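Biologist: Please place the structure before us, so that we may discuss how its features earn their names.

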Amino acid sequence: MMENRKLQTLLVPLDGTVTSEAGLRWAAVAAYRSGCTLRLITVVQDAGDNGRAERYLRQKVASLRSEAVKAQAEVILGDPTESILRESHDADLTILTSGTTRWFASEVLDGVLKSM
């Protein structure tokens with residue numbers, strides 16, 4: 001039997017692509033209805049990409065907050081697959097939509113799914 005507990009945090013990894021944002025609307029509705037916090041992350045492998053990633057996430061957080069959705073964001077330096085797996089351990093639910101080269105999955109999503 002599943003434990004019935006309240007969601008606290010939904011993790012949404014984003015990489016700036018339309019595909020990665022596909023689950024964001026669903027996550028925003030779920031967060032709004034449940035009162036939990038959306039935690040947006042962008043993983044960069046080059047520290048030189050931090051500024052661009054931070055601006056991108058700030059825009060997403062501002063948009064979500066304008067809709068009364070609790071949201072926070074963080075740029076993480078590292079390997080995308082490893083970082084998403086590590087960060088997902090602290091979230092109640094992870095919403096990951098990813099891929100630009102294959103229809104259903106990307107290399108990062110493949111890595112995450114294979115590691116679960």
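**The start of a helix**

Modeller: Asp79 caps the N-terminal end of α3, with a side-chain oxygen lying 3.2 Å from the backbone nitrogen of Thr81. Please keep in mind that this is a predicted model.

Biologist: What makes the pair formed by the side-chain oxygen of Asp79 and the backbone nitrogen of Thr81 a polar contact?

Modeller: A polar contact requires a pair of N or O atoms within 3.5 Å. The oxygen of Asp79 and the nitrogen of Thr81 are 3.2 Å apart, so the pair meets that distance limit.

Biologist: Why is α3 said to be largely enclosed by the rest of the structure?

Modeller: Seven of the nine residues of α3 are buried, and that is the reason for the description. The buried residues are Pro80, Thr81, Ser83, Ile84, Leu85, Glu87 and Ser88. The helix lies across β1, β2, β3 and β4, and runs at about 155° to β2.

Biologist: How do you know that Ser83 is buried?

Modeller: Buried means under 20% relative accessible area. Ser83 has a relative accessibility of 1%, so it counts as buried. Ser83 belongs to helix α3, which spans residues 80-88. Leaving aside residues up to four places away in sequence, Ser83 touches Val43, Ile76 and Gly78.

**The sheet**

Biologist: What is the order of the strands in the sheet?

Modeller: The order is β3-β2-β1-β4, in an open sheet of four strands with parallel pairing.

Biologist: Why are β3 and β4 called edge strands?

Modeller: Each of β3 and β4 pairs on one side only.

Biologist: How do you know that β1 and β2 pair?

Modeller: Two strands pair if there are at least two bridges between them. β1 and β2 have five bridges, in the parallel sense, so they satisfy that requirement. Across this pairing, Leu10 stands opposite Leu38 in β2, and Leu11 stands opposite Arg39 in β2.

Biologist: What makes β1 mostly covered?

Modeller: Four of the five residues of β1 are buried.

Biologist: Which residues does Leu77 of strand β3 touch?

Modeller: Leu77 touches Val44, Gln45, Asp46 and Ala47, not counting residues up to four places away in sequence. Leu77 and Gln45 are 32 residues apart along the chain, while their C-alpha atoms are separated by 5.6 Å.

**Salt bridges**

Biologist: How many salt bridges does the structure hold?

Modeller: The structure holds five salt bridges.

Biologist: Why is the pair Glu21 and Lys60 called a salt bridge?

Modeller: The nitrogen of a Lys or Arg side chain must lie within 4 Å of a carboxyl oxygen of Asp or Glu. For Glu21 and Lys60, the closest N and O atoms are 3.2 Å apart, so the pair qualifies. Glu21 lies in the loop between β1 and α1, and Lys60 in helix α2, so the bridge ties together parts that are 39 residues apart in sequence.

Biologist: Are Glu21 and Lys60 buried or partly exposed?

Modeller: Glu21 is partly exposed, at 23% relative accessible area. Lys60 is buried, at 15%. The cut-off for buried is under 20%.

Biologist: What makes Arg39 and Glu74 a salt bridge?

Modeller: Their side chains meet at 2.5 Å, N to O, and the limit is 4 Å, so the pair counts. Arg39 lies in strand β2 and Glu74 in strand β3, so the pair ties together parts that are 35 residues apart in sequence. Arg39 is buried, with a relative accessible area of 13%, whereas Glu74 is partly exposed, with 35%.

Biologist: Which residue of helix α3 forms a salt bridge with Arg39?

Modeller: Glu87 forms a salt bridge with Arg39, the closest N and O atoms being 2.8 Å apart. The pair links distant parts of the chain, 48 residues apart, with Glu87 in helix α3 and Arg39 in strand β2. Both Glu87 and Arg39 are buried. Salt bridges that share partners join Arg39, Glu74, Arg86 and Glu87 into one network.

**The nonpolar cores**

Biologist: Which residues touch the most other members of the largest nonpolar core?

Modeller: Of its 21 residues, they are Leu10, Val12, Leu14, Leu24, Leu38, Leu40 and Leu64. At least two residues of this core come from each of β1, α1, β2, α2 and β3. Apart from this core lies another, of seven residues, among them Leu11, Ile41, Ile84 and Ala91.

Definitions and conventions. Residues are numbered from 1 along each chain as its sequence is written. This is a predicted model: local features need pLDDT of at least 70, side-chain atom pairs count only at pLDDT 80 or more; totals for chains, interfaces and linings use all residues. Side-chain values use heavy atoms; hydrogens and water are left out. Buried means under 20% relative accessible area, exposed over 50%, partly exposed in between (1.4 Å probe, protein chains only). Contact means heavy atoms within 4.5 Å. A nonpolar core is a set of buried Ala, Val, Leu, Ile, Met, Phe, Trp, Tyr and Cys residues joined through side-chain atoms within 4.5 Å. A polar contact is a pair of N or O atoms within 3.5 Å; within protein, one must be able to donate a hydrogen and the other to accept it, and residues adjacent in sequence count only if both atoms are side-chain atoms. Axes are lines fitted to C-alpha atoms, for helices over the stretch in contact, and angles run from 0 to 180 degrees between N-to-C directions.
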